[in-house]
Amino acid sequence: MAAGQFSAVPSTPYEPPHPMADPGYGKRSAPDQRARGERDFAHLPPREAAVAAYIDRLPDGADISVKTLAKWLPYGQCALRTALNRIQAAGHLRRGSECVATDEVLLWVTRTFFSRTARDDEWWAAFSRGDVPQEARRLTRSRAFVLLAALGRTAPALSLSAADCVSLEPQVSEWFERGATEAQTLHALTRGLPAVVHHAASLVRRRLLDKLPPERIDQAPRTVLRTLECGMCRAPGSPEALRDGLCARCRNETVDTPTGPPGAVPTDGVQERMAAVRAGLVPRQDRTGRARGSMARARR
């Protein structure tokens, strides 16, 4: 009877993680984004803001196709397609392709690039070329200054004043420019300290000079092979032609389409071109006379 008095412990139903796309496909986060905040998508309508916030929290490689999102969000495929187009128009999303190099071949894979920070068409055009413009940021303390200011937490004997941090900042910055990490720099400065440190700044300056790593050899910049395509009809195009992620046809703009096969001469210039060709031809009587003269000379 006592066993009948126990109540079942409420449990949260298990929800599997959002599915990932096939290797090489799915979401790709754009670089150089601001830190996540509560008002990242406040400028979007509620539905679009909810969809964008959900995609923003998915890892790279997640399947964000309309069919998959419809299984995880309380919206139908038609509503999600409209929402994604509006998110794209706001500068958070672009669709395209990218060339991925393997050990054997070069593969073109479909990409859906997502940016928490809204970008304009000029930024996306630079991104497709592999030349991402850096965002203007508020000036803050450098990595070198932060490391020096916190040095006393790792080694109390190396506690530095603000003036010492400013003085030593260029030397630490040079370490970072040569590829050293914070952990490597801290290890070089704090390992094997003497029993008594009489002047912390002098010791740090000496170690930064004596243990300076070699200059890093920069590798040649990698060529980026990346294209963008219209978010509605999926036709590839130049970044300049895909304003807000849509081609001119999907924006209902008139497009001057050339007629005829590639390389065909425009009809309005045929007569002028033929007249120029005729003017350069030798008259038939002149050609005949020249030929007879050449034959006579040959017989002699």
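Q: What makes a set of grid points a cavity here?
A: On a 1 Å grid over the protein atoms alone, a 1.4 Å probe must fit at the points but be unable to get out. One cavity of 30 Å³ or more turns up in this structure, where volume is the space filled by probe spheres set on points joined across faces, edges and corners. The largest cavity comes to about 40 Å³. The model is predicted, so to speak of local features takes pLDDT of at least 70 and side-chain atom pairs need 80 or more, while totals for chains, interfaces and linings use all residues. Residues are numbered from 1 along each chain as its sequence is written, and side-chain values use heavy atoms, leaving out hydrogens and water.

Q: Which residues line the largest cavity?
A: R94, D121, W124, L228, E229, P239, L242 and G245 do, each having an atom within 4 Å of a point. At least two of the lining residues come from α4 (121-128), and at least two from β4 (226-229); helices are DSSP runs of H or I with at least four residues, strands E runs of at least two.

Q: How do the lining residues divide by type?
A: Four are nonpolar, one is polar and three are charged. Gly counts as polar, Leu, Trp and Pro as nonpolar, and Asp, Glu and Arg as charged.

Q: Why is the W123 and F127 pair called stacked or edge-to-face?
A: Five aromatic pairs are counted overall. For W123 and F127 the centres are 5.5 Å apart and the planes 10°; pairing needs centres within 6.5 Å, and planes under 30 degrees apart count as stacked, over 60 as edge-to-face and the rest as tilted, so this pair is stacked. The two residues are four apart in helix α4, so about one helical turn separates them.

Q: How do you know whether W123 and F127 are buried or exposed?
A: Buried means under 20% relative accessible area with a 1.4 Å probe, protein chains only. W123 is at 4%, so it is buried, and F127, at 5%, is buried too.

Q: What is the geometry of the W124 and F127 pair?
A: This pair has 5.6 Å centre to centre and 85° between the planes, so it is edge-to-face. Both W124 and F127 are buried. Ring pairs link F113, W123, W124 and F127 into a cluster.

Q: What makes R141 count as sitting over the ring of F145?
A: The rule wants CZ of Arg within 6 Å of the ring centre and within 35 degrees of the ring normal. The charged end of R141 is 4.2 Å from the centre of the F145 ring. R143 does likewise over F176, at 4.0 Å.

Notes
On a 1 Å grid over the protein atoms alone, a cavity is a set of points where a 1.4 Å probe fits but cannot get out, and a pocket is an open set with protein on both sides within 12 Å along at least five of seven lines; lining residues have an atom within 4 Å of a point. Rings of Phe, Tyr and Trp (its six-membered ring) pair if their centres lie within 6.5 Å; planes under 30 degrees apart count as stacked, over 60 as edge-to-face and the rest as tilted. Buried means under 20% relative accessible area, exposed over 50%, partly exposed in between (1.4 Å probe, protein chains only).
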